[in-house]
Amino acid sequence: MTDSEIEWTSDFLIGIEELDYEHKDLIDTINRLHQELLNQDDVSDIKGTMGDIHVRMQAHFALEEHVMQENKYP
């Protein structure tokens, strides 16, 4: 891990296992993108990782909204 990557720590935990897992997974994917950019990987790899991040973020926000509605979060 380089200094400019995001290091996962327990400070990021919110106590909802499924969301915590997704948060860690998103950080791992963002760090992968960071490495691809530093290594000047093939543009198609970089675009693929950016697409992965986009899809995961959309699904993740939908899950967070569902959890908030289930718990009657204002």
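## Starting before the first helix

Let's begin with Glu 7, which sits in the segment before α1. Keep in mind as you look around that this is a predicted model. Glu 7 has a relative accessibility of 53%, so it counts as exposed. Along the chain, Glu 7 and Asn 31 are 24 residues apart, yet their C-alpha atoms are separated by 8.8 Å.

Ile 6 also belongs to the segment before α1. With a relative accessible area of 34%, Ile 6 is partly exposed. Together with Phe 12 and Ile 30, Ile 6 forms a nonpolar patch on the surface, and the three share about 220 Å² of accessible area.

## A pair of rings

How many aromatic pairs turn up in a search of the whole structure? The search finds 1. The partners are Trp 8 and Phe 12, with ring centres 5.2 Å apart and planes at 55 degrees, which makes the pair tilted.

Both rings are on view to some extent. Trp 8 is partly exposed at 22% relative accessible area, and Phe 12 counts as partly exposed at 36%. Phe 12 is the residue we just met in the nonpolar patch with Ile 6 and Ile 30.

## The second helix

Now for helix α2, which covers residues 43-70. Does its length come out as expected or not? Its 28 residues, at 1.5 Å a residue, should span 40 Å, and the C-alpha atoms at its ends are 40 Å apart, so the two agree. After α2 comes Lys 72, which has a positive phi, near 55 degrees.

Which residues of α2 are buried? They are Ile 46, Thr 49, Ile 53, His 60, Leu 63, Glu 64 and Val 67. Helix α1, residues 17-38, is included in what covers them.

Thr 29 gives a view of this from the other side, since its place is in helix α1. At 2% relative accessibility, Thr 29 counts as buried, because the cut-off is under 20%. Setting aside neighbours within four places in sequence, Thr 29 is in contact with Thr 49, Asp 52, Ile 53 and Arg 56. Of these, Thr 49 and Ile 53 are on the list of buried residues in α2.

## Charged partners

Side chains of opposite charge can pair when their charged atoms come close. Here the count comes to 4 salt bridges. One of them is inside helix α1: Lys 24 and Asp 28 meet at 3.2 Å, N to O. These two are 4 residues apart in α1, so about one helical turn separates them. Lys 24 is partly exposed at 34%, and Asp 28 is partly exposed at 37%.

Another salt bridge runs between helices. Arg 56 pairs with Asp 25, and their closest N and O atoms are 2.6 Å apart. Arg 56 lies in α2 and Asp 25 in α1, so this pair ties together parts that are 31 residues apart in sequence. Arg 56 counts as partly exposed at 29%, as does Asp 25 at 26%.

## A small network

Arg 32 forms a salt bridge with Asp 52, with 3.0 Å between the closest N and O atoms. This pair links distant parts of the chain, since Arg 32 is in helix α1 and Asp 52 in helix α2, 20 residues apart. Arg 32 is partly exposed at 34%, and Asp 52 at 33%. Glu 36 joins in too: salt bridges with shared partners connect Arg 32, Glu 36 and Asp 52 into one network.

Methods: Residues numbered from 1 in each chain as written. Predicted model: local features only at pLDDT ≥ 70, side-chain atom pairs only at ≥ 80, totals over all residues. Heavy atoms only, no water. Expected span 1.5 Å × (residues − 1). Buried < 20%, exposed > 50% of the residue type's maximum accessible area, 1.4 Å probe, protein only. Contact = heavy atoms within 4.5 Å. Patch = residues over 30% accessible without salt bridge, like charges linked within 9 Å, V, L, I, M, F, W, Y side chains within 5 Å. Areas by Shrake-Rupley, 256 points an atom, 1.4 Å probe, with all protein chains shown as cover. Salt bridge = Lys/Arg side-chain N within 4 Å of Asp/Glu carboxyl O. Phe/Tyr/Trp six-rings, centres within 6.5 Å; stacked < 30°, edge-to-face > 60°.
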